[in-house]
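Student: Can you walk me through this one? I'd like to start with how the chains meet and then go inside.

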Amino acid sequence: MPVNSLPDSSLSDVIAQHQQAIVDANVTAQQTTRAAQLMTADDLRQQSKTLLDQLQRGNSYDPDAPEFAPLRQALAKLSRTRALQGFTPSETARFIFSLKDTIVPFMEQQLAANPLDLARQIQAFNRLLDAFGLTTFETYVEERESLIREQSSALLELSTPVVQVWDGILALPIVGSIDTARTQQIMESLLTRIIETGSSIVIMDITGVPVVDTAVAKHLLQTGAAARLLGAEVVIVGISARIAQTIIHLGVDLSAVVTRTTLAKGLEYAFARTGQRVVRVAASLNESAQGE
Amino acid sequence: MAQIPIIHLSDVLIVTTQDAISDTDALDLQDQITTAIERTGAKGLIIDISALDIVDSFLGRMLNDIAAMARLMGTKTALVGIQPAVAITLIELGLELRGISTALNVEQALRTLGARIARQT
């Protein structure tokens with residue numbers, strides 16, 4: 001028999017004969033952990049029982065065996081519910097590992113007559129539960145990652161409003177750093193808004209962009225070029241002294257777009273381009289008070 | 001191919017493309033437009049591509065070429081009605097069409113072209 005081949009499983013027999021005792025031992029063992037605070041004894045009993053049922057039905061030491069497919073699903077579900085209840089992933093894994101302590105004594109009883117077989121089975125059983133413990137950990141990490149992905153895409157949607165500040169003038173305040181994915185998203189919403197509002201000028205405010213490097217500059221220019229293809233002109237405003245210095249030191253050529261320091265200056269330019277002018281209609285309150 | 005209508009409006013030619021343009025159509029278009037410019041002596045050319053959902057690199061280059069040819073014949077070109085998706089694709093292809101002026105719609109294009117033609121004469 002090759003060393004790494006798996007011994008025939010007695011799991012089914014052991015669990016079938018002692019299920020009640022194993023569940024009891026398991027629930028008792030968990031009473032000393034945080035499980036006692038985070039979930040009810042009934043839930044805990046139910047979880048232990050489900051796992052045991054599935055182990056019994058699988059009756060193998062190969063964690064990838066097709067018989068264990070429902071068990072793997074049950075583990076994923078368990079990992080999710082426990083994460084929601086506030087368990088750490090290692091606590092969940094430890095819960096799976098704890099089955100070793102409760103099942104092995106019964107295996108010893110059952111196979112006392114054949115110590116060699118017992119040793120081999122215990123070792124294989126250990127490996128099996130180790131693998132299942134890791135499965136719960138993996139599920140946990142996957143859940144986390146999908147959550148992070150969802151949140152970052154939601155953040156992306158929220159982070160770039162396109163506002164119409166005047167008839168034919170759009171403003172696009174950008175806050176935070178810009179990468180390729182965000183540029184794509186900005187471009188899409190900007191271009192759609194240009195068409196919707198029939199705007200001919202876009203004021204892109206980069207006051208809230210912490211660092212302007214060559215990549216960011218490239219993304220800004222790309223957005224500008226895309227808007228230009230639709231027939232709208234882009235003005236970049238919010239260029240501080242520091243950003244101006246960085247841009248020139250990096251050798252970035254922004255001469256293809258009009259740039260201004262503040263949003264107000266940008267608006268002034270936009271008015272001039274669209275042939276409009278802001279005129280004061282009366283003396284302000286202060287001045288009229290002085291005049292009297 | 002179907003003849004693409006070229007409308008002659010005072011000093012300006014207006015070309016409205018159909019929903020899809022094959023490569024040979026594009027070459028034909030080039031020929032038709034330059035011939036029309038020669039015949040009419042128009043000072044402005046407006047190409048409306050709002051019906052196009054897809055513009056590939058070939059068509060992009062072709063539009064650039066048409067504008068360059070028109071410029072050689074003393075005619076100013078404005079490209080009108082580029083769809084957002086088309087604009088994004090063109091930028092990704094690196095075709096910024098720097099040589100052509102653009103406008104949101106034909107009305108705006110007429111206004112800007114008119115101003116540019118007036119400045120020239």
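Tutor: We can take the contact, then the cores, then chain B; keep in mind that this is a predicted model.

Student: How many residues does each chain put into the contact?

Tutor: Chain A contributes 15 residues and chain B contributes 13 residues.

Student: Which elements of chain A give two or more residues to that side?

Tutor: Those are α7 (180–197) and α8 (214–229) of chain A.

Student: And what is that side of chain A made of, by class?

Tutor: Where chain A touches chain B, there are 8 nonpolar, 5 polar and 2 charged residues.

Student: Now the inside. Which residues touch the most other members of the largest nonpolar core?

Tutor: That core has 73 residues, and the ones touching the most other members are V202(A), I203(A), M204(A), L230(A), I46(B) and A87(B). The element giving the most to this core is α8(A), with 7 residues.

Student: What is V202(A) in contact with, leaving aside neighbours within four places in sequence?

Tutor: V202(A) contacts L170(A), L172(A), L190(A), I194(A), A227(A), A232(A) and V234(A).

Student: What other core lies apart from the largest one?

Tutor: There is another core of 25 residues, including I22(A), L44(A), L52(A) and F132(A).

Student: Switching to chain B: what pattern does it follow along the sequence?

Tutor: Chain B runs β-β-α-β-α-β-α-β-α, with 4 helices and 5 strands.

Student: How much of chain B is buried?

Tutor: Of its 121 residues, 40% are buried. As for contacts in chain B between residues at least 6 apart in sequence, 79% join residues at least 24 apart.

Methods:
Residues are numbered from 1 along each chain as its sequence is written. Chains are lettered from A and ligands numbered from 1 in the order in which they are written. This is a predicted model: local features need pLDDT of at least 70, side-chain atom pairs count only at pLDDT 80 or more; totals for chains, interfaces and linings use all residues. Two residues are in contact if their C-beta atoms, placed from the backbone, lie within 7 Å. Ala, Val, Leu, Ile, Met, Phe, Trp, Tyr, Cys and Pro count as nonpolar, Asp, Glu, Lys and Arg as charged, and the others, Gly among them, as polar. A nonpolar core is a set of buried Ala, Val, Leu, Ile, Met, Phe, Trp, Tyr and Cys residues joined through C-beta atoms within 7 Å. A residue is buried if 20 or more other C-beta atoms lie within 10 Å of its own, exposed if 12 or fewer, and partly exposed in between; C-beta atoms are placed from the backbone.
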